[in-house]
Amino acid sequence: MIKDKSLFENVVQQFDKAADLMGLEDDIRGILTMPTNEIVVHFPVKLKDGSIEMFTGYRVQHNNALGPFKGGLRYHPAVNRDEVRALAAWMTWKTAIANLPYGGAKGGIQFDPKEYSIADIERITRRFTFALGSNIGPEYDIPAPDMNTNAQIMAWILDTYLSMQPPQQRQANFHVVTGKPIGSGGSVGRDKATGQGVVFLIERWAHDHTFDLSGATYIVQGFGNVGSWAARLMKEHNAKMVAVEDASGALFHPQGIDPDDLQNYAANHRGIMNYPQAEAIDHEAFLGTKADIFIPAALENQITAETAESINVKMVAEGANGPTTPEGDRILFDKGIFILPDILCNAGGVIVSYFEWLQNKRAEFWDLDKVDSKLHRLIMKAYERVHAEANAFNTDWRTAAYIVALRRLEQVYKNRGIFP
Ligand code: NAD
């Protein structure tokens with residue numbers, strides 16, 4: 001992974017470009033470029049073998065002017081305060097663009113879960129939840145899954161959090177996390193929601209550009225929750241996945257790789273490497289694969305000053321957060337490559353998290369048709385808001401997406417003022 005610059009600097013650069021263009025007030029600029037709270041916890045965990053290890057966890061609560069803090073938890077060795085701060089700010093913009101009653105937050109633990117047993121990951125998760133204590137809460141700050149975290153981990157957080165409440169209040173606190181297993185207060189459709197949102201937006205982009213998705217080619221980086229769902233849903237359009245990469249390696253096949261078959265293989269082989277129906281290629285060859293659509297769905301800082309020249313697609317749909325640096329953005333723009341920016345493109349996850357939260361609060365259970373159709377409606381409205389600002393300011397979609405978010409936040413600060 002190329003990490004030449006602080007990730008939060010990328011956020012500030014993107015923010016400044018939009019704020020300059022729309023003429024955002026200086027006072028509000030100052031507020032929005034600083035996170036509200038930054039929580040760092042160091043906590044000991046007694047592992048299964050009896051040894052005790054110290055871990056460091058983060059929760060950055062960027063802004064809650066529009067509603068409770070909301071954002072995922074990531075388990076990865078690269079998690080640090082700068083990364084979490086950037087990811088938290090992107091959540092503030094994302095929830096504002098989608099018109100959700102949420103602010104933005106993000107968190108994580110700096111460790112590599114691949115090196116620990118499931119039993120130890122449960123211990124680490126529960127001890128982290130205990131260390132966060134009342135810094136999270138169903139009406140205050142609501143975590144969700146992100147890289148290397150899933151419904152099972154949300155269930156452990158829920159269970160630990162509920163155990164810390166008085167018995168009479170436990171049933172009223174199920175909405176402290178979203179992305180839970182269905183049987184533990186989760187929502188149908190949450191698992192695929194981020195990938196589904198990406199594909200709804202690609203469909204809309206194709207419609208608006210009279211581009212036929214049937215027979216179109218795409219490449220996917222990251223074959224986890226977001227990447228594998230996006231890949232599988234693209235298959236329903238008869239599009240062909242000609243290259244795919246995960247942490248274990250990259251694959252290529254000019255006739256297309258079946259994402260469902262690859263998903264079965266990856267689940268049994270801890271990754272896509274050595275999948276027999278495709279040719280192994282290296283990272284550079286993967287990035288340079290000629291295709292119509294590129295779906296980055298892994299890490300940040302992938303399309304950079306160094307790599308952007310080699311990207312050979314018509315459009316990039318950013319499933320991951322922060323896959324393109326400001327320099328990468330400029331190079332793609334000059335090459336005429338359209339970008340659906342992360343803060344719009346991967347909002348499907350937080351939109352369906354919102355549905356899960358609402359279902360928990362109202363003691364309701366929605367079916368998949370209802371979840372999918374509501375997701376479609378909300379994400380199309382977000383697309384249209386961004387499209388309108390891109391036209392009004394004659395600017396790229398990332399900047400337009402920021403303008404949508406900053407306008408909404410600016411209005412709230414103007415209405416409510418600053419206490420005292
Ligand atoms: P995940 O852990 O389910 O999958 C991550 C994938 O990335 C895995 O296939 C992994 O092998 C791959 N990967 C890791 N390092 C890589 C590398 N160096 N090169 C290529 N591939 C690599 O995570 P996820 O939940 O799918 O999240 C992926 C991205 O999407 C992250 O940027 C995350 O913040 C973003 N996102 C996730 C959600 C969600 O609902 N899960 C919502 C919005 C955005």
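## Salt bridges and ligand shell

The side chains of E410 and K414 form a salt bridge, with an N to O distance of 3.9 Å. Both residues sit in helix α14 (residues 397–416). They are four residues apart, about one turn of the helix. E410 counts as buried because its relative accessibility is 9%, under the 20% cut-off. K414 is partly exposed, with a relative accessible area of 45%. The model is predicted.

**Other salt bridges**

The whole structure holds 29 salt bridges. One of them joins the side chains of K361 and E139 at 3.0 Å, N to O. This pair links distant parts of the chain, 222 residues apart. K361 belongs to helix α12 (residues 348–362). E139 lies in the loop between α4 (118–132) and β5 (141–145). Both ends are partly exposed: K361 has a relative accessible area of 39%, and E139 has 46%.

The side chains of R74 and E83 also meet in a salt bridge, at 3.4 Å from N to O. Here both partners are buried. R74 is at 3% relative accessibility, and E83 is at 2%. The two residues take part in a wider network of salt bridges, which links R74, E83, K106, D146 and E300.

**Ligand shell**

D146 from that network is also among the residues closest to the ligand. The others named as closest are N148, T194, N225 and N321. In total, 23 residues surround the ligand. By class, the shell has nine nonpolar, nine polar and five charged residues. Helix α7 (225–235) and strand β7 (240–246) each supply at least two shell residues.

Which protein atoms lie close to ligand oxygen atoms, and at what distances? Three contacts are listed below.

| Residue | Protein atom | Ligand atom | Distance |
|---|---|---|---|
| N148 | polar backbone atom | oxygen | 2.8 Å |
| R190 | polar side-chain atom | oxygen | 3.3 Å |
| F223 | backbone N or O atom | oxygen | 2.9 Å |

N148 and F223 make their contacts through backbone atoms, whereas R190 uses a side-chain atom. On its own, the ligand has 830 Å² of accessible area. The protein covers 86% of that area.

Note on methods:
Residues are numbered from 1 along each chain as its sequence is written. This is a predicted model: local features need pLDDT of at least 70, side-chain atom pairs count only at pLDDT 80 or more; totals for chains, interfaces and linings use all residues. Side-chain values use heavy atoms; hydrogens and water are left out. A salt bridge is a side-chain nitrogen of Lys or Arg within 4 Å of a carboxyl oxygen of Asp or Glu. Buried means under 20% relative accessible area, exposed over 50%, partly exposed in between (1.4 Å probe, protein chains only). A residue is near a molecule or strand if one of its heavy atoms lies within 4 Å of it. A polar contact is a pair of N or O atoms within 3.5 Å; within protein, one must be able to donate a hydrogen and the other to accept it, and residues adjacent in sequence count only if both atoms are side-chain atoms. Accessible areas come from the Shrake-Rupley method with a 1.4 Å probe; for residues, only the protein chains shown count as cover. Ala, Val, Leu, Ile, Met, Phe, Trp, Tyr, Cys and Pro count as nonpolar, Asp, Glu, Lys and Arg as charged, and the others, Gly among them, as polar.
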